[in-house]
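Trainee: I would like a close look at a single part of this structure. Please take one strand and go through its surroundings step by step.

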Amino acid sequence: MLHLSPSMYLSRSSTMIHRNARRSRRMINSCIQRFTFSTDGSTTTYYDSQSGQHVTIHDESKITAYLRSVDRTVTTTGAAALSLSSTILEASKEMGMAGSVISMPQQLQQQDESGMVEFIESLGSSSNVFLHILPSQYHDLVVKNEIRKNHTITPSNINLCFEYNNDGDYISSNVQSAMTTFDGIQTSIGIFNPKYLLDDDPMLVAAQVASLIDTTSEFGGTISNILVAPIIMDNDDDTTLTSYDDELVQLCEELSYLDVPGSTIKSRLIVPTVSGDQLEECLQMGITKYIIDASSGDDDGSESVESRLDMLRDAVEENGKE
């Protein structure tokens with residue numbers, strides 16, 4: 001028999017109350033949600049009055065996965081960074097995933113601006129790639145004139161994912177610069193710092209994300225995806241992803257309530273596979289894109305990747321998805 005302390009009973013009871021309340025709100029929300037469908041006979045799009053565009057209807061039954069490498073410790077050469085990225089790209093392809101999430105190596109920033117652009121160019125022949133850009137890398141990547149003079153790249157498979165840092169105007173301006181510098185490139189934002197889940201009010205974070213999307217849209221830009229995928233660094237010994245799976249769900253839910261131009265938020269959200277309960281909540285919410293983290297601590301991370309994939313497969317099957 002498993003014995004739990006009274007505080008653990010209280011914590012679990014409180015969590016279940018919050019989750020049940022969220023399910024009720026989702027059911028009510030889904031009942032009152034209305035779309036204006038296109039009149040050209042197509043049932044695959046609906047007209048979004050805010051953006052003035054026909055937007056693809058979000059198919060909640062189709063689930064996709066992305067393999068992520070979070071190793072920023074490459075401090076030798078650009079070749080080492082390319083080798084690590086190639087491993088992740090090949091692994092994601094072999095496993096039949098939709099693409100990869102890769103971090104821009106910090107060492108490339110320390111060399112010169114062209115190193116980062118050349119790294120992006122090297123990914124041009126790969127499948128879909130979300131490239132995680134740190135706030136400290138924004139300026140060197142998209143603003144400095146040297147890049148505009150020496151490089152012209154339009155990788156359609158690359159999505160520059162700017163890390164959220166609570167400064168929407170700064171992110172928005174860099175997104176606009178990126179779309180100008182790299183003609184036609186896709187742009188996203190990523191909530192990677194755990195503090196935005198643990199320390200900040202999820203309603204406030206959601207409101208700031210909405211403002212960022214609106215500002216970007218006003219200037220002709222687009223935030224194609226929102227990655228809510230905290231990264232646990234090696235020195236965070238007391239923190240694990242499962243420590244805040246409920247906070248992750250709460251933030252995703254607040255984000256999903258946003259009314260913004262273009263595609264629905266739930267169609268843009270990409271979240272990690274953290275726990276069975278978290279996956280069930282996210283699947284019921286209509287989130288269809290998931291990140292599988294490759295652990296750099298266990299050889300090539302294949303064992304942990306397989307276990308997370310199995311967890312996702314089980315949740316998908318139990319919730320009647322594909």
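**Strand β10 and its neighbours**

Mentor: Leu-227 stands opposite Ile-270 in β10, and that pair is a good place to start, with the reminder that this is a predicted model. Leu-227 lies in strand β9, residues 226-228, which runs parallel to β10 and is joined to β10 by two bridges.

On another side of the account is strand β11, residues 289-294, which pairs with β10 over three bridges, again in the parallel sense. Here Val-271 has Tyr-290 in β11 as its bridge partner. To get from β10 to β11, the chain passes through helix α12, residues 276-285, and this β-α-β crossover is right-handed.

Now the side chains of β10 itself, residues 269-272. In a regular strand, side chains alternate between the two faces of the sheet. Leu-269 and Val-271 are on one side of β10, with Ile-270 and Pro-272 on the other. All four are buried, so both faces of the strand are covered. Ile-270, the residue opposite Leu-227, and Val-271, the partner of Tyr-290, thus belong to opposite faces of β10.

For a helical counterpart, take α7, residues 168-181, whose 14 residues reach 20 Å from first C-alpha to last, close to the 20 Å expected. Its buried residues include Ile-171, Ser-172 and Val-175. Those three also take part in the contact with α9, meeting Leu-212, Thr-215 and Thr-216 together with Gly-168 and Gln-176. Helix α9 covers residues 202-218, and its axis lies 9 Å from that of α7 at an angle of about 35°; the crossing is right-handed.

Conventions. Residues numbered from 1 in each chain as written. Predicted model: local features only at pLDDT ≥ 70, side-chain atom pairs only at ≥ 80, totals over all residues. Heavy atoms only, no water. Expected span 1.5 Å × (residues − 1). Buried < 20%, exposed > 50% of the residue type's maximum accessible area, 1.4 Å probe, protein only. Pairing = 2+ DSSP bridges. Right-handed = clockwise from strand over helix to strand, strands pointing away. Axes fitted to C-alpha atoms, helices over the stretch in contact; angles between N-to-C directions. Left-handed = near helix turned anticlockwise from the far one by under 90°. Contact = heavy atoms within 4.5 Å.
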